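Reader: I have a model open in front of me and some of the wording used for it puzzles me. Can we go through the terms one by one?

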Amino acid sequence: MATSRNEQGDRCLARAWALLDRGEHLARQGDGDDAGAGLWLLAANAILRARDALEAVHPAAPGSRGRQVLVEETCSELVRSAARQLARIPAGHEPAGLRLALVHLAQADQEVQERLCS
Amino acid sequence: MFVNAPTVAELLHDCSREVRSIMWDITTLNGPELAAAWPAFAAAAGAALSAVPCPDPAARLLASRMAGPRPRPNRWGPPVDADPDPHLVAASTGLAAVAGLLARHAAPPTSAVAARDGDLARRHIVEALVIGAHATSLGLFEHASRLSPARTGTTSQQPGPRLAVAGATLAQSRRLASELDTLQAHGAHYLAEAGVREPRRGAQSLVDPDRLPHVLAAWEVTTMRVLHASPPSVRDLAGVAHAEQALLMHTMVILNAAAQAAVIDIDGFAGQIGPRLADAHLAWGDVAASWPVQMTTASPPALVAVEASAELHQALGEITREGNGWAAATLIAERVHLREVSGQLRDALGAGSVCAARFVELPDELARAGQLRAPARLLGAMDASADRPTSELEGGPRTTDVANRRIVTVLPEQTAGATKTARRLQQAMTALTQALETLRLADGSRSVTDPASSPQAAARQVRLDHRPQPAPLKGHLSVGR
């Protein structure tokens with residue numbers, strides 16, 4: 001049972017990592033508006049930090065099981081999906097330092113939302 | 001403006017830093033020392049809060065509570081036999097100076113801007129109070145727990161009486177801590193209400209002048225550590241490159257504000273600096289892309305690099321951003337001392353130039369050490385995109401590896417593209433730093449800052465000795481009055 005929960009946690013982390021990786025890629029492309037390109041770069045950097053923080057606390061996160069084909073979503077949806085994945089990690093099976101990754105994820109979400117509101 | 005706002009603001013920033021620094025110490029909080037300093041700190045905070053003109057009823061009530069909850073003469077309880085905590089003493093001194101300044105110079109506000117300044121000063125005083133109360137209360141609770149008798153069976157029983165740590169008794173500690181918790185809650189409630197009342201722009205108009213140089217220095221040290229790690233994480237390499245890209249973008253915004261405010265030569269900025277900043281920005285992006293996410297070394301990303309990047313982005317964003325977009329040049333000029341910040345950024349770009357040089361070395365170095373791994377398909381695709389058809393004999397990925405989606409070790413000859421990209425970046429950064437050194441304003445040639453005295457310059461000395469040192473910066477970025 002514990003192994004299965006561990007595996008579930010690992011899967012959630014791997015999926016969250018993959019979602020953020022895709023989100024960062026989309027944010028780097030921006031919305032095609034030159035004026036907003038710089039701000040999209042900042043949003044992409046925020047997502048990159050969330051992804052790297054996740055990988056730092058759980059180096060196996062970029063594992064192949066999470067790198068399945070992702071449904072094409074917007075950058076905002078990808079970041080929120082990543083947050084949902086992390087929320088699904090079974091209680092007690094969170095890697096140490098996950099809270100820090102969540103802080104960066106919250107910042108990334110805020111950055112992306114600001115881009116959508118501007 | 002009804003008071004000398006920068007001076008009051010600087011004093012309040014110092015107070016804030018002092019009270020926050022109590023929590024930075026890695027040693028245990030010393031409750032008795034904090035309690036010994038508390039009455040004077042509370043009195044100074046109360047005096048400062050009362051001295052801000054036209055206090056609202058909530059501020060008046062809070063100021064009166066700072067006198068203490070008990071009857072005279074010892075309204076915060078009997079004196080504590082300990083040396084007062086130096087941070088709290090320094091904060092008290094600062095707040096007393098704020099009270100003195102306001103008492104001498106402040107008058108009822110005659111404009112909305114002046115009223116906002118008053119609100120902001122009140123808010124900063126209460127923030128310092130809340131943090132000070134929190135730290136003191138925490139220290140006293142810890143002290144009380146040390147004085148509590150051990151529970152049977154949970155800790156070892158030592159013979160003889162338990163000796164109290166010098167200072168407050170158990171009851172004294174608990175009571176004062178409880179009173180401070182109440183005051184803290186009152187202060188937090190005041191701040192929550194103030195946050196609702198206060199317009200956002202007013203809150204953002206003050207930027208801690210010490211923050212940017214320290215963040216830039218920390219960034220510089222962190223990047224050097226990351227880039228010289230053995231081996232560095234590929235994620236960190238891409239992260240550094242993207243953060244440097246962001247640094248250039250913020251620099252563009254800030255130097256543009258400096259040019260608008262005639263702090264630097266506007267023609268020099270438009271003709272020399274702007275285009276080179278744009279070139280270097282693109283070049284950093286290319287270098288970041290040369291470290292794709294599929295490529296790895298044995299090292300995971302370093303949290304310290306993620307944190308330093310977050311701090312850098314935040315510190316620069318406080319200056320350059322407003323709401324969902326960029327701040328206007330006039331607002332940036334209100335927030336920071338443009339001459340100093342321009343000098344700090346000039347130094348930071350000098351350090352970025354050193355980073356760029358390291359990026360030239362890294363691809364070959366890592367590949368020769370056999371530390372770089374990537375999917376064979378990625379290497380094949382990179383060769384194809386570079387229009388470089390290579391056979392297996394020339395160092396291209398093996399067909400079977402590509403077909404079987406193998407992860408292979410990257411060979412030195414396969415890093416030629418990344419090295420070339422980094423060389424272009426190095427040239428762009430060199431051109432940029434040289435242009436910054438020649439940027440002048442028509443009416444004078446005062447240097448921005450002495451590079452040797454800046455925190456970044458000090459941090460640069462931390463670098464590993466065997467690494468190339470940055471080209472000396474001559475402080476030629478000149479300013480106007």
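**Terms and what backs them**

Author: Sure. Chain A has four helices and zero strands, and this is a predicted model. Along the sequence, the pattern of chain A reads α-α-α-α.

Reader: What makes a residue in chain A count as buried, and how many of the 118 residues qualify?

Author: A residue needs 20 or more other C-beta atoms within 10 Å of its own. In chain A, 47% of the 118 residues are buried. As for contacts in chain A with a separation of 6 or more, 85% of them link residues 24 or more positions apart.

Reader: On to chain B. Why are α8(B) and α13(B) called roughly parallel?

Author: Helix α8 (residues 211–227) and helix α13 (residues 338–368) of chain B pack at an angle of about 5°, with axes 10 Å apart. Angles under 35 degrees count as roughly parallel, so α8(B) and α13(B) get that label.

Reader: Which residues of α8(B) and α13(B) meet there?

Author: From α8(B) you have B:Leu212, B:Pro213, B:Leu216, B:Glu220, B:Thr223 and B:Leu227, and they meet B:Val341, B:Gln344, B:Ala348, B:Ala351, B:Cys355 and B:Arg358 of α13(B). By class, that contact has eight nonpolar, two polar and two charged residues.

Reader: And what makes α9(B) roughly antiparallel to α10(B)?

Author: The axes of α9(B) and helix α10 (residues 266–289) of chain B cross at roughly 165° and come within 8 Å. The bar for roughly antiparallel is over 145 degrees, and therefore α9(B) and α10(B) pass it. Their crossing is left-handed. Among the residues making this contact are B:Leu248, B:Met252 and B:Leu255 of α9(B), with B:Phe269, B:Leu277 and B:Trp284 on the α10(B) side. The contact of α9(B) with α10(B) divides into 15 nonpolar, six polar and one charged residues.

Reader: How do you know that chain A and chain B touch, and how many residues does each give to the contact?

Author: Residues are in contact if their C-beta atoms lie within 7 Å. Here 18 residues from chain A and 18 residues from chain B take part. On the chain B side, α9 (234–260) and α11 (303–320) each supply at least two residues.

Reader: Which helix gives the largest share of the side of chain B that touches chain A?

Author: That's α9(B), with seven residues. By class, the side of chain B that touches chain A comes to 10 nonpolar, seven polar and one charged residues.

Key: Residues numbered from 1 in each chain as written. Chains lettered and ligands numbered in written order. Predicted model: local features only at pLDDT ≥ 70, side-chain atom pairs only at ≥ 80, totals over all residues. Contact = placed C-beta atoms within 7 Å. Nonpolar A, V, L, I, M, F, W, Y, C, P; charged D, E, K, R; others polar. Axes fitted to C-alpha atoms, helices over the stretch in contact; angles between N-to-C directions. Parallel < 35°, antiparallel > 145°, perpendicular 65-115°, else oblique. Buried ≥ 20, exposed ≤ 12 C-beta atoms within 10 Å, placed from the backbone. Left-handed = near helix turned anticlockwise from the far one by under 90°.
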